[in-house]
Amino acid sequence: MFKDIEAKLEPQSADRIRDRLDTSARFNEADALRLNGLFRGTDTVEMLETLLREQMAGDVAIVSSFGAESAVLLHLVSRIDPTVPVLFLDTGKHFPETLAYRDALIAGLGLTDVRNLTPDADDIAKRDETGLRWSYDPDGCCEIRKVKPLAKALAQFDATITGRKAFQAATRSSLPRFEIDKTDAQGRLKINPLIDWSAEDIAAYVAAHDLPPHPLVAEGYPSIGCSPCTSKVAPGEDARSGRWKGWDKTECGIHVGGVSSVSTDLPPGYDPVF
């Protein structure tokens, strides 16, 4: 299938799946380019079916926020294999509506392996004892509650499936279907099946399959994260403009390489009013 990649495959044995890439070596930029070329013009469903059923990406997990548009990707994968692990970052700061929505989708889609990832208790005690780090250091808060728990969980996976879409923000407008995860030195593959879907495509799929909407979308939240750092979005604004409003921040950090260390000190003169 990939002749120069197959050269890296281990000798076949009776219990080894023939078309699976040798994930001990993980992936590199050339692998991502070949996958993008192989599946260029291929329907999203066909692409996912091939990847998952032929185990072309090794051990795969979905990273899901159970947010505004999460039902589409989860539904697509659940129809192929509902046992694919789904990783949810349970930060302790989510809207109650998100947690209820998560539980409803798990039941409705028959997902059998949803893993709730929580921050390390010692990290919280040492670095966010008041629970207010988000108000003066959102990057540090995301590192403790999202980046570190996800990095630990992903150590056992060769590839992740994300729900990112080009129309969501300028920072996502040129992402490919397949890329190398910059947060992983071992070369984990990142798969973006919906990257070329439009907002209209998403809406049409939701309607066609009668998928339940996140309850906060109707209230003006087209992109939903942790409650302290998510605001309503005005008509015509970028769908993710309500995330970390007022901060020079557009991503939580789980899709960005080079995680910075978290300071344990409050900023000079900090006086929380919350």
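Me: In this predicted model, why does phenylalanine 66 count as buried?
Reply: Its relative accessibility is 0%, and buried means under 20% relative accessible area. Phenylalanine 66 therefore counts as buried.

Me: What makes the pair of phenylalanine 66 and phenylalanine 88 edge-to-face?
Reply: The ring centres lie 5.5 Å apart, and rings pair if their centres lie within 6.5 Å. The planes stand at 85°, and planes over 60 degrees apart count as edge-to-face; the pair is therefore edge-to-face. By this rule the count comes to four aromatic pairs.

Me: Which parts of the chain does this pair link?
Reply: The pair joins distant parts of the chain, 22 residues apart. Phenylalanine 66 belongs to the loop between β1 (60–63) and α4, while phenylalanine 88 belongs to strand β2 (residues 86–89).

Me: Is phenylalanine 88 buried or exposed?
Reply: With a relative accessibility of 1%, set against the limit of under 20%, phenylalanine 88 counts as buried.

Me: Why are α3 and α4 called oblique to each other?
Reply: Helix α3 (residues 44–53) and helix α4 (residues 70–80) pack at an angle of about 50°, their axes being 10 Å apart. Angles under 35 degrees count as roughly parallel, and those from 65 to 115 as roughly perpendicular. The angle of about 50° fits neither class, and α3 and α4 are therefore oblique. The crossing of α3 with α4 is right-handed.

Me: Which residues of α3 and α4 meet?
Reply: From α3 come Thr44, Val45, Leu48, Glu49, Leu52 and Arg53, and from α4 come Leu76, Val77, Arg79 and Ile80. The residues of this contact comprise six nonpolar, one polar and three charged.

Me: What makes α4 and α8 oblique to each other?
Reply: The axes of α4 and helix α8 (residues 199–208) cross at roughly 55° and come within 10 Å. That angle lies outside the ranges for roughly parallel, under 35 degrees, and roughly perpendicular, 65 to 115; α4 and α8 are therefore oblique. Their crossing is left-handed. In the contact, Val72, His75, Leu76 and Arg79 of α4 meet Ile202, Tyr205 and Val206 of α8.

Me: Why is glutamine 55 called partly exposed?
Reply: Glutamine 55, in the loop between α3 and β1, has a relative accessible area of 22%. Buried means under 20% and exposed over 50%, so glutamine 55 is partly exposed. Its phi is near 50°, a positive value in a residue other than glycine.

Me: Why does aspartate 210 count as exposed?
Reply: Its relative accessibility is 69%, and exposed means over 50%; aspartate 210 therefore counts as exposed. Aspartate 210 is found in the segment after α8.

How values were computed
Residues numbered from 1 in each chain as written. Predicted model: local features only at pLDDT ≥ 70, side-chain atom pairs only at ≥ 80, totals over all residues. Heavy atoms only, no water. Axes fitted to C-alpha atoms, helices over the stretch in contact; angles between N-to-C directions. Helix = DSSP H or I, 4+ residues; strand = E, 2+ residues; numbered from the N terminus. Parallel < 35°, antiparallel > 145°, perpendicular 65-115°, else oblique. Left-handed = near helix turned anticlockwise from the far one by under 90°. Contact = heavy atoms within 4.5 Å. Nonpolar A, V, L, I, M, F, W, Y, C, P; charged D, E, K, R; others polar. Phe/Tyr/Trp six-rings, centres within 6.5 Å; stacked < 30°, edge-to-face > 60°. Buried < 20%, exposed > 50% of the residue type's maximum accessible area, 1.4 Å probe, protein only.
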